[in-house]
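Got your viewer open? Let's take a walk through this one, selecting a few residues at a time.

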Amino acid sequence: MTGMADATAGRKTPRPLYSMFLAVPRTYDLVNHVVTLGQDARWRRRAARECLRQEPERVLDLCCGTGDLALTIAGLDRQRREITGLDYARPMLDLAVSKAATRGEQVSFVCGEAASLPFPDGCFDCVGISFAFRNLTYRNPFISQYLAEVLRVVAPGGRFVIVESSQPASRPVRAIFRMYLRIFVARAGAWLSGNKAAYRYLAESAARFYAPGEINNLLLNAGFRDAAFRQLLFGAAAIHVATK
């Protein structure tokens with residue numbers, strides 16, 4: 001059954017980007033489609049297939065925003081797996097619940113904190129995250145806490161699937177990519193959303209984000225094993241998979 005539960009009552013956990021995500025939900029999906037030239041849906045679908053590859057029974061869409069990864073997984077799922085989306089921004093989750101109801105998808109949504117996940121140890125066979133891993137790790141002092149929580153709720157043998165912006169290996173391509181982010185993405189996002197600060201952050205965090213090998217090292221140092229990645233669109237984005 002589609003719905004939303006609240007697991008934030010009484011919790012005091014880090015929310016460094018909370019006000020930004022409260023400000024952008026109305027135009028969030030539109031801006032994502034525009035600034036990625038429509039590629040975000042295609043990349044997310046590939047990540048969803050990766051989440052389902054080992055036929056998990058329980059899947060979590062971490063930092064789910066408006067629910068696109070969870071809903072994409074649900075749309076591909078023919079076995080009615082248990083799919084949950086978690087985010088700390090209630091306006092985003094309100095949109096996620098509405099989208100799930102419109103599409104007739106069975107997804108449960110929880111308002112909760114990535115720093116203190118309201119789930120028991122080993123609860124999920126797969127945790128996926130779609131274009132939000134950067135928010136947990138880019139210049140974030142709580143990175144160790146976030147990764148430890150993901151590791152805790154993944155079952156032994158379970159997988160962590162990440163689709164995120166990346167750094168092209170080619171220096172000329174990387175320069176073009178960063179120019180595109182800082183000129184087009186920052187300006188188009190600000191114009192469409194009315195929130196200049198939010199999309200300045202998005203552009204800069206993507207331009208300065210870790211290279212794929214650095215992400216692998218983060219995951220391995222956090223306790224995952226067999227971390228691997230596959231880059232997309234000349235390295236503008238990547239899918240990472242790590243196993244507990």
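Which residues do ring pairs link into a cluster? Select Phe133, Phe160 and Phe224, and you have the cluster on screen. Keep in mind as you click around that this is a predicted model.

**More rings**

A search of the whole structure turns up 6 aromatic pairs. Go to Phe119 and Phe124 for an edge-to-face pair, with 4.9 Å centre to centre and 85 degrees between the planes. Both partners are out of the solvent by the numbers: Phe119 counts as buried at 13% relative accessibility, and Phe124 is buried at 1%. The cut-off for buried is under 20% relative accessible area.

Next, pick Phe209 and Tyr210. This pair is tilted, at 5.2 Å centre to centre with 50 degrees between the planes. Here the partners fall into separate classes: Phe209 is buried, with a relative accessible area of 5%, while Tyr210 is partly exposed at 25%.

**Strand E8 and its neighbours**

Now select residues 237-243, which make up strand E8. Is this strand enclosed or open? It is largely enclosed by the rest of the structure, because 7 of its 7 residues are buried. Colour the side chains by direction: Ala237, Ile239, Val241 and Thr243 point one way, Ala238, His240 and Ala242 point the other way, and all are buried.

Add strand E6, residues 154-165. E6 and E8 run antiparallel and are joined by 7 bridges. To find your place along them, look for Val161, which stands opposite Val241 of E8.

Then add strand E7, residues 225-232. E7 also pairs with E8 in the antiparallel sense, over 6 bridges. One spot to check is Arg225, whose bridge partner in E8 is Thr243.

Follow the chain round the hairpin of E7 and E8, where 4 residues sit between the strands. Leu233 takes a positive phi there, near 50 degrees. Phe234 is also in the loop between E7 and E8, and it is exposed, with a relative accessible area of 71%. Switch on the surface and select Val173, Leu233 and Phe234: they form a nonpolar patch with about 320 Å² of accessible area together.

**Salt bridges**

Time for the charged side chains. The structure holds 14 salt bridges. Start with Glu57 and Arg58, where the closest N and O atoms are 3.6 Å apart. Glu57 counts as exposed at 57% relative accessibility, and Arg58 as partly exposed at 23%.

Move on to helix H7, residues 143-153, and pick Glu149 and Arg152. Their side chains meet in a salt bridge at 2.9 Å, N to O. The two are separated by about one helical turn, because they are 3 residues apart in the helix. Glu149 counts as buried at 13% relative accessibility, whereas Arg152 is partly exposed at 21%.

For a link between two helices, select Glu204 and Arg182, whose side chains meet at 2.9 Å, N to O. Glu204 lies in helix H9 (residues 196-207) and Arg182 in helix H8 (residues 171-193), so this salt bridge ties together parts that are 22 residues apart in sequence. Glu204 counts as partly exposed at 25%, and Arg182 is partly exposed too, with a relative accessible area of 35%.

Last stop: select Asp40, Arg44, Asp68 and Lys99. Salt bridges that share partners join these four into one network.

Key
Residues numbered from 1 in each chain as written. Predicted model: local features only at pLDDT ≥ 70, side-chain atom pairs only at ≥ 80, totals over all residues. Heavy atoms only, no water. Buried < 20%, exposed > 50% of the residue type's maximum accessible area, 1.4 Å probe, protein only. Pairing = 2+ DSSP bridges. Phe/Tyr/Trp six-rings, centres within 6.5 Å; stacked < 30°, edge-to-face > 60°. Patch = residues over 30% accessible without salt bridge, like charges linked within 9 Å, V, L, I, M, F, W, Y side chains within 5 Å. Areas by Shrake-Rupley, 256 points an atom, 1.4 Å probe, with all protein chains shown as cover.
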